[in-house]
Amino acid sequence: MGNATGTKLEPGAVDAGDAQRALRRINDYLSRTAGSDDDIQVRLETGADDEALVLPRPVAEMFASMLAALANGQGVQVMPVDAELTTQQAADMLNVSRPYLIGLLESGEIPFRLVGRHRRIRFADLHQYIREDDSARKGAADDLMVLDQELGLL
């Protein structure tokens, strides 16, 4: 199973066609039963008719989101919300160097806590930083587009 920091499927680990077929089936079922809060019984393709896996509806919806990403050739990662990351794990998620990440931590951009001499970053805090950084980048791109239009460069 996964570790404390989650389970990852790299792009291409699941055949995109298989993921697309599974996504169609689960989306069909979810739309037919929209408005229901009932658990979902999944029949396994093992030949045993009495064998069913029972999933809470929100879990089935999460599977649909994961299948959509896999069908598009993207990787997915399931991460507990309260997971704590090492500085290297967080740097890898941001695709930056560890020293750069430590600079973000020390400047207060991302909250962290010390465990002995080691810094730990909550996944939720890192995810919040990513959302805010993406929003700031989008705002800067929008500002540049407006400036281009004002200068007649577009």
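# Legends to the close-up views

**Figure 1. Leucine 151 counts as exposed, at 59% relative accessibility.** Exposed denotes over 50% relative accessible area, buried under 20%, and partly exposed in between, with a 1.4 Å probe and protein chains only. This is a predicted model, in which local features need pLDDT of at least 70 and side-chain atom pairs count only at pLDDT 80 or more, whereas totals for chains, interfaces and linings use all residues. Residues are numbered from 1 along each chain as its sequence is written, and side-chain values use heavy atoms, with hydrogens and water left out. Leucine 151 is placed in the segment that follows α5 (123-150); helices (H or I, at least four residues) and strands (E, at least two) are DSSP runs numbered from the N terminus. Together with Leu144, Leu147 and Leu153, Leu151 forms a nonpolar patch on the surface. The accessible area of these four residues together is about 420 Å² (Shrake-Rupley method, 1.4 Å probe, only the protein chains shown counting as cover for residues). Patch members have over 30% relative accessible area and no salt bridge; nonpolar side chains (Val, Leu, Ile, Met, Phe, Trp, Tyr) are joined within 5 Å, and like charges within 9 Å.

**Figure 2. The protein chain contains five helices and seven strands.** Read from the N terminus, the order of elements is β-α-β-β-α-β-β-α-α-β-β-α. The radius of gyration is 21 Å, well over the 15 Å that the globule rule gives for 154 residues, so the protein chain is more spread out than a compact globule. The radius is taken over C-alpha atoms, and the rule is 2.2 Å times the number of residues to the power 0.38. The C-alpha trace spans about 60 × 55 × 30 Å along its principal axes. Of the 154 residues, 23% are buried. The accessible surface amounts to about 10,800 Å², and carbon and sulfur atoms contribute 52% of it. Among contacts (heavy atoms within 4.5 Å) with a separation of 6 or more, 51% join residues 24 or more positions apart. The mean pLDDT (the predictor's confidence in each residue, from 0 to 100) is 86, and 92% of the residues score at least 70. Confidence is highest in helix α4 (residues 98-106), at a mean of 97, and lowest in strand β1 (residues 7-9), at 77.

**Figure 3. Arginine 57 and glutamate 61 are joined by a salt bridge within helix α2.** The N to O distance is 3.4 Å; a salt bridge places a side-chain nitrogen of Lys or Arg within 4 Å of a carboxyl oxygen of Asp or Glu. The two residues are separated by about one helical turn because they stand four residues apart in helix α2 (residues 57-71). Arginine 57 counts as buried, at 8% relative accessibility, whereas glutamate 61 is partly exposed at 39%. The structure holds seven salt bridges.

**Figure 4. Arginine 113 pairs with glutamate 84 in a salt bridge.** Their closest N and O atoms lie 2.6 Å apart. This pair links distant parts of the chain, with arginine 113 in strand β6 (residues 113-115) and glutamate 84 in strand β5 (residues 84-85), 29 residues apart. Arginine 113 is partly exposed at 44% relative accessibility, and glutamate 84 is partly exposed at 27%.

**Figure 5. Lysine 138 and aspartate 142 form a salt bridge in helix α5.** The closest N and O atoms are 3.1 Å apart. Because lysine 138 and aspartate 142 are four residues apart in the helix, about one helical turn separates them. Lysine 138 is exposed, at 53% relative accessible area, while aspartate 142 is partly exposed, at 32%.

**Figure 6. Glycine 12 occupies the loop between β1 and α1 (16-32).** Glycine 12 is exposed, its relative accessible area being 62%. The C-alpha atoms of glycine 12 and alanine 71 are 9.1 Å apart in space, with the two positions 59 residues apart in sequence numbering.

**Figure 7. Glutamine 74 is found in the loop between α2 and β4 (76-78).** At 43% relative accessibility, glutamine 74 counts as partly exposed. Leaving aside residues up to four places away in sequence, glutamine 74 touches Pro11 and Ala69. From glutamine 74 to proline 56, the C-alpha to C-alpha distance is 25 Å, and the two are 18 residues apart in sequence.
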